[in-house]
Amino acid sequence: MPPDERYSRQIRFGPIGETGQQRLSESRILLVGLGALGTVAADQLVRAGVGFVRLVDRDFVELSNLQRQSLFDEGDIADNLPKAIAAETRLRRINSSVQIEARVDDVNPSNIEEYLDGVDLVLDALDNFETRFVINDACAKHIKPWIYTAALGSYGLVMPVLPGRTPCLRCLLGSMPAPGTSPTCETAGVVAPITHIIASIQVAEALKLITGSLDPHDVRLTAYDVWSHRFQRIDVGKDAMASCPVCAKGEFEYLDGSPLRTITLCGRNAVQLIPGVRGDINFEELSKSIAAFGSVQFNDFLLKCSAPPYELTLFRDGRAIVKGTDEAGTARSIYSKMVGL
Ligand SMILES: [Zn+2]
């Protein structure tokens with residue numbers, strides 16, 4: 001088959017070439033999180049012609065996302081679409097030759113290994129440390145490369161992790177920061193230029209990795225601040241690996257921990273609740289029983305009940321997001337009243 005006109009400029013770029021393009025077309029990627037970082041990374045990967053991308057995100061599109069989450073528009077909000085579904089629709093229009101699998105789900109210890117199955121690279125585009133540490137453990141266990149990203153304010157970080165060969169997230173951070181000790185998008189805000197830059201650096205690292213151009217000896221933590229133009233490449237060092245519970249001892253305490261039950265969501269004044277057992281909720285029936293609490297709307301993917309000052313968004317599998325509080329106890333109570341767990 002002649003080289004696709006679609007990829008001609010990328011193929012003409014020496015370090016990729018025809019061989020690199022062929023490798024891209026055979027690559028299989030898991031992308032976790034479709035916020036500011038994930039939408040940009042997904043857009044570039046699909047345009048670049050990767051073979052397969054599995055998108056997982058637990059959220060739905062909201063007005064405050066549109067400032068930076070470039071796959072979404074006002075129509076997605078009007079339709080109450082989950083981000084994974086809205087992104088999938090948009091990405092299929094961009095490149096119909098890429099196989100796209102969209103999953104509306106929370107990634108946690110109970111399902112990460114299932115999502116890793118059949119992929120050869122994982123991109124982290126998350127907004128919380130809990131899930132990143134789970135990914136770090138799972139990728140170390142299954143020896144799959146992954147690329148860490150984070151962005152806040154005007155500042156962001158990128159670090160590829162090649163298990164056994166380069167430092168991991170625990171080498172870098174030790175243990176998970178305690179709740180309330182790190183700034184969030186709610187307290188610090190975030191500007192679109194930094195999330196686009198950080199996602200772009202992540203995709204560049206992914207392209208290098210897939211096409212065989214990423215030298216493990218050259219892997220660094222990249223930090224950039226778009227407001228001050230401070231740019232750093234930091235060597236986390238092999239010494240950190242020698243004392244890391246994951247790299248040195250093969251201990252996966254985040255993967256082996258109990259499934260997450262409640263998570264306070266970054267920048268949302270909201271709590272996510274994840275039942276231990278997956279349900280298959282009949283929204284039509286439930287909408288009648290909870291109508292007494294407030295106005296109810298539902299589609300094939302989610303049900304919303306607005307009961308000021310709270311709003312419950314419930315997914316078919318029983319997962320829910322309660323807006324209007326960041327208290328896990330309050331959210332649990334609202335969930336149990338409305339959904340009955
Ligand atoms: Zn490590």
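Buried here means under 20% relative accessible area, while partly exposed runs from there up to 50%. With that in hand, welcome to this predicted model. Its cysteines make a good starting point: four of them coordinate a zinc ion, and a search of the whole structure turns up zero disulfides. A helix pair, H3 and H10, rounds off the tour.

**Zinc site**
- The zinc ion is held by the SG atoms of Cys168, Cys171, Cys244 and Cys247, at 2.3 Å.
- Along the sequence, these donor residues follow the spacing C-x2-C-x72-C-x2-C.
- The arrangement is tetrahedral because the four donor atoms subtend angles of 103 to 117° around the zinc ion.

**Accessibility of the cysteines**
- Cys244 has a relative accessible area of 2%, so this zinc donor counts as buried.
- Cys247, another of the donors, has 29% relative accessibility and is therefore partly exposed.
- Cys139 is buried too, at a relative accessible area of 0%.

**No disulfides**
- A disulfide is a covalent bond between the sulfur atoms of two cysteines.
- For Cys139, the closest cysteine sulfur belongs to Cys168 and lies 11 Å away, which means the two are too far apart for a bond.
- The cut-off for a disulfide is a sulfur pair within 2.5 Å.

**Helix packing**
- Helix H3 spans residues 36-48 and helix H10 spans residues 192-211.
- The two helices pack with their axes 8 Å apart, at an angle of about 40°.
- H3 and H10 are therefore oblique to each other, and their crossing is right-handed.

Note on methods:
Residues are numbered from 1 along each chain as its sequence is written. This is a predicted model: local features need pLDDT of at least 70, side-chain atom pairs count only at pLDDT 80 or more; totals for chains, interfaces and linings use all residues. Side-chain values use heavy atoms; hydrogens and water are left out. Buried means under 20% relative accessible area, exposed over 50%, partly exposed in between (1.4 Å probe, protein chains only). Donors are N, O and S atoms within 2.8 Å of the metal (3.2 Å for Na, K and Ca); water is not among the atoms, so sites may look incomplete. Four donors count as tetrahedral if all angles lie between 85 and 135 degrees; four count as square planar and six as octahedral if opposite donors are over 155 degrees apart and all others between 65 and 115; anything else is irregular. Axes are lines fitted to C-alpha atoms, for helices over the stretch in contact, and angles run from 0 to 180 degrees between N-to-C directions. Helices (H or I, at least four residues) and strands (E, at least two) are DSSP runs, numbered from the N terminus. Angles under 35 degrees count as roughly parallel, over 145 as roughly antiparallel, 65 to 115 as roughly perpendicular and the rest as oblique. A crossing is left-handed if the near helix is turned anticlockwise from the far one by less than a right angle, and right-handed if clockwise.
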